[in-house]
Amino acid sequence: MSEQAAGLAKITWDDPDSGERREYVLAAGATATIGRSADNPIHIPERHVSREHAVINFRDGIFMITDLGSANGTFVNDKRLTDPFPLAHGDVIRLYVPLLHFSALVTEKEKEQAKLTGTLIVPASGGGMPALHITSGPQEGATIALLSPLARVGRATRDATWDIALQDRAVSRPHCEIALGEGGTWAIRDLGSANGTIVNGIPLSGEEPHVLLDGAVITVGETTMLFRLGA
């Protein structure tokens, strides 16, 4: 077997307080959020880091990193991200101050060690309840479970009839909807909103549904949401 494990990547971070080197191994298909909250698979407890700061997920055979509307920004090789960015071996991720190193080389020994320490990040099984994590905007920090196969999203108003009401004046009434298809795949479509619906940095075209994969970043108005499949 090759010393390099196929389909894996590694994130390393040196904790400046303890001097400890932390290593996280990502399997192909995995999604990993990075942030100050202990709920993140890649936990960076540093004051300049937002609760959910950025997300790394696997798309079309490569790992991509996307900022989640963080207060201080996400940088790769000292360039601030405005759109999802494909990571390459040797890239340096900076969360304003903390530095993380991305490697596309992972040995079997490192993979096994990550299993033992609980730092091996694998794809979501999709067996649980999907949810939207609001990572920036007026309701930052809220998690909204998708309890039914169809959820309409719109601005919170006194007479709102939609399932998810956002306290965001830039959100339309209603704005978009998220639905579970016959094949068990979730999709989102814009409902003719004034400011549009953006998924992974790309505005949706018309009212055609767009498939949502685990870790998709959705922007409506001034609100950023992370779509997560159940564990």
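**Strands, loops and a pocket: the grounds for each term**

Author: Within strand E12, Ile 121 is the bridge partner of Leu 26. This pair belongs to a predicted model, and every term below is applied to that model.

Reader: What makes E2 and E12 a pair of strands?

Author: A pair requires at least two bridges. Strand E2 (residues 21-27) is joined to E12 by two bridges, so the requirement is met. The two strands run parallel.

Reader: In which order do the strands of the sheet with mixed pairing stand?

Author: The order is E8-E7-E10-E11-E1-E2-E12, an open sheet of seven strands.

Reader: Why are E8 and E12 said to stand at the edges?

Author: Each of them has a single partner strand, so one side of E8 and one side of strand E12 (120-121) is left without a neighbour in the sheet.

Reader: Which strands make up the open sheet of six, and what is the sense of their pairing?

Author: The order is E14-E13-E23-E22-E19-E20, and the pairing is antiparallel. Strand E14 (143-145) and strand E20 (202-203) are at the edges of this sheet, because each has a single partner strand and therefore one side without a neighbour.

Reader: How do you know that E22 and E23 pair?

Author: Four bridges join strand E22 (residues 217-220) to E23, and the criterion is at least two. The strands run antiparallel. One bridge sets Val 217 against its partner in E23, Leu 226.

Reader: What makes E17 a partner of both E15 and E18?

Author: E17 and E15 share four bridges in the antiparallel sense, and E17 shares five with strand E18 (residues 186-190), again antiparallel. With at least two bridges required, both count as pairs. Arg 152 has Glu 177 of E17 as its bridge partner, while Leu 180 is matched with Trp 186 in E18. The hairpin of E17 and E18 has five residues between the strands, and there Gly 184 takes a positive phi near 85°.

Reader: Why is Arg 228 called buried?

Author: Buried means a relative accessible area under 20%. The value for Arg 228 is 18%, so the term applies. Arg 228 is placed in strand E23 (residues 223-228).

Reader: What makes the link between Arg 228 and Asp 214 a polar contact?

Author: The limit for such a pair of atoms is 3.5 Å, and the side chains of Arg 228 and Asp 214 are joined at 2.8 Å. Apart from neighbours within four places in sequence, the residues in contact with Arg 228 include Thr 31, Thr 33, Pro 130, His 133 and Asp 214.

Reader: Why is Asp 159 called exposed?

Author: The class begins over 50%, and Asp 159 has 62% relative accessibility, so it counts as exposed. Asp 159 is placed in the loop between strand E15 (150-155) and strand E16 (164-166). Its side chain makes a polar contact of 3.1 Å with the side chain of Thr 157.

Reader: Why is Asn 77 classed as partly exposed, and Asp 78 as exposed?

Author: Partly exposed lies between 20% and 50%. Asn 77 has a relative accessible area of 44% and so falls in that range. Asp 78, at 59%, is over 50% and therefore exposed. Asn 77 is found in the loop between strand E7 (75-76) and strand E8 (79-80), and Asp 78 is also found between E7 and E8.

Reader: What is the phi of Asn 77, and what is that of Asp 78?

Author: Asn 77 has a phi near 50°, and Asp 78 has one of about 70°. Both values are positive in residues that are not glycine. Most residues other than glycine have a negative phi.

Reader: What is the omega of the cis peptide bond from Arg 173 to Pro 174?

Author: Omega is near -5° for that bond. Pro 174 is placed in the loop between E16 and strand E17 (176-180).

Reader: How much space lies in the largest pocket, and which residues are closest to its centre?

Author: The largest pocket holds about 480 Å³ of space. Of the 27 residues that line it, the closest to the centre are Val 211, Leu 212, Leu 213, Asp 214 and Ala 216. Strand E5 (54-59), strand E6 (62-67) and strand E21 (210-211) are the elements that give two or more residues to this lining, and E5 gives the largest share, three residues. By type, the lining residues are 13 nonpolar, 11 polar and three charged.

Notes. Residues numbered from 1 in each chain as written. Predicted model: local features only at pLDDT ≥ 70, side-chain atom pairs only at ≥ 80, totals over all residues. Heavy atoms only, no water. 1 Å grid on protein atoms, 1.4 Å probe; cavity = no way out; pocket = protein on both sides within 12 Å on 5 of 7 lines; lining within 4 Å. Points joined across faces, edges and corners; volume = space filled by probe spheres on them. Nonpolar A, V, L, I, M, F, W, Y, C, P; charged D, E, K, R; others polar. Buried < 20%, exposed > 50% of the residue type's maximum accessible area, 1.4 Å probe, protein only. Polar contact = N/O pair within 3.5 Å; in protein donor to acceptor, adjacent residues only side chain to side chain. Contact = heavy atoms within 4.5 Å.
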